[in-house]
Amino acid sequence: ISKQLIITPDSKRGVVTLSFVMPEASIAAQMAKHAETLLQNEVKRFKIQKAQEQLNYVQGTYLEKKLEFEKVQTELAVFRDRNQNITSAMASNELQKIESKYDLAFGLYNEFAKQLEQSKLQLNKDTPIFTVLQEVSVPANKSSPNRPMILISITIVGFLVTVGFVFIQLLF
């Protein structure tokens, strides 16, 4: 397949030319289309790999912080429900601790929510966009062998051999 698949990158224009050479034209077109799809998927995977890893990490941490926040939120609600009329300093101190934990958990949750959105935007930004300049098509003419060129070459070689043979006959 490596001899049949021809990939020619042009870094100046940012274009990659892909062609597939086979005896059967329709199969060559199908193979070229398949190779184009594979190449695009591999380039996308390569280009967004780092951003995808970052997104996965932030997503996992975001879910973790969300669960922690919801746990602290529930803890605060339960404490407030149990202590409607806080008169003791001990209960007031406990309420402040829980509120501090709540504020910290909310701040972390909020920060990771922002980072999650930024990671999603970065992933979209890093994803390359492909434009197909010329669709895969079944060729109308064979690319090889070039029969007219072979005929011309054989005629010239035959003529030169004949002329050479005649000169050799005249010299001897």
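R13 forms a salt bridge with D10, the closest N and O atoms being 3.0 Å apart; a salt bridge is counted where a side-chain nitrogen of Lys or Arg lies within 4 Å of a carboxyl oxygen of Asp or Glu. The model is predicted, with local features requiring pLDDT of at least 70 and side-chain atom pairs counted only at pLDDT 80 or more, whereas totals for chains, interfaces and linings use all residues. Residues are numbered from 1 along each chain as its sequence is written, and side-chain values use heavy atoms, with hydrogens and water left out.

Of the two partners in this bridge, R13 is exposed, at a relative accessible area of 62%, and D10 is partly exposed, at 28%. Here buried denotes under 20% relative accessible area, exposed over 50%, and partly exposed the range in between, for a 1.4 Å probe and protein chains only. In the whole structure, eight salt bridges were found.

Two further bridges involve helix 1. The side chains of E42 and R45 form a salt bridge with an N to O distance of 2.5 Å. Both residues belong to helix 1 and are three residues apart, about one turn of the helix. In an α-helix there are 3.6 residues a turn, so residues three or four places apart point the same way. E42 is partly exposed, with a relative accessible area of 40%, and R45 is also partly exposed, at 44%. A salt bridge likewise joins the side chains of R80 and E99 (2.5 Å, N to O). This pair links distant parts of the chain, with R80 in helix 1 and E99 in helix 2, 19 residues apart. R80 is partly exposed at 41% relative accessible area, and E99 is partly exposed at 25%. In addition, K33, E36 and E135 are linked in a network of salt bridges.

Helix 1 comprises the 58 residues 25-82; helices (H or I, at least four residues) and strands (E, at least two) are DSSP runs, numbered from the N terminus. At 1.5 Å a residue, helix 1 should span 86 Å, and its end C-alpha atoms are 80 Å apart, which agrees. The expected span is 1.5 Å times one less than the number of residues in the helix. Helix 1 bends by about 55° at Q49, the bend being the angle between axes fitted to the seven residues ending there and the seven starting there.

The largest nonpolar core has 12 residues: I48, A51, L55, V58, Y62, F69, V72, A105, Y109, F112, L116 and L123. The elements that give two or more residues to this core are helix 1 and helix 2 (89-126). Helix 1 provides the largest share, seven residues. A nonpolar core is defined as a set of buried Ala, Val, Leu, Ile, Met, Phe, Trp, Tyr and Cys residues joined through side-chain atoms within 4.5 Å. In soluble globular proteins, nonpolar side chains tend to be buried together.

A nonpolar surface patch of about 540 Å² is made by M149, I152, I156, F159 and L160. Patches consist of residues with over 30% relative accessible area and no salt bridge, like charges being joined within 9 Å and nonpolar side chains (Val, Leu, Ile, Met, Phe, Trp, Tyr) within 5 Å. Accessible areas come from the Shrake-Rupley method with a 1.4 Å probe, and for residues only the protein chains shown count as cover. One of the patch residues, M149, lies in helix 3 (residues 147-171) and is partly exposed at 48% relative accessibility.

Separations in sequence and in space were compared for three residue pairs. K66, in helix 1, is partly exposed at 30% relative accessibility. K66 and A113 are 47 residues apart in sequence and 8.9 Å apart in space, C-alpha to C-alpha. N83 lies in the loop between helix 1 and helix 2 and is partly exposed at 25%. From N83 to L95 the separation is 12 residues in sequence and 9.1 Å in space, C-alpha to C-alpha. I6, in strand 1 (residues 5-10), is partly exposed at 36%. I6 and G60 are 54 residues apart in sequence, and their C-alpha atoms are 42 Å apart in space.
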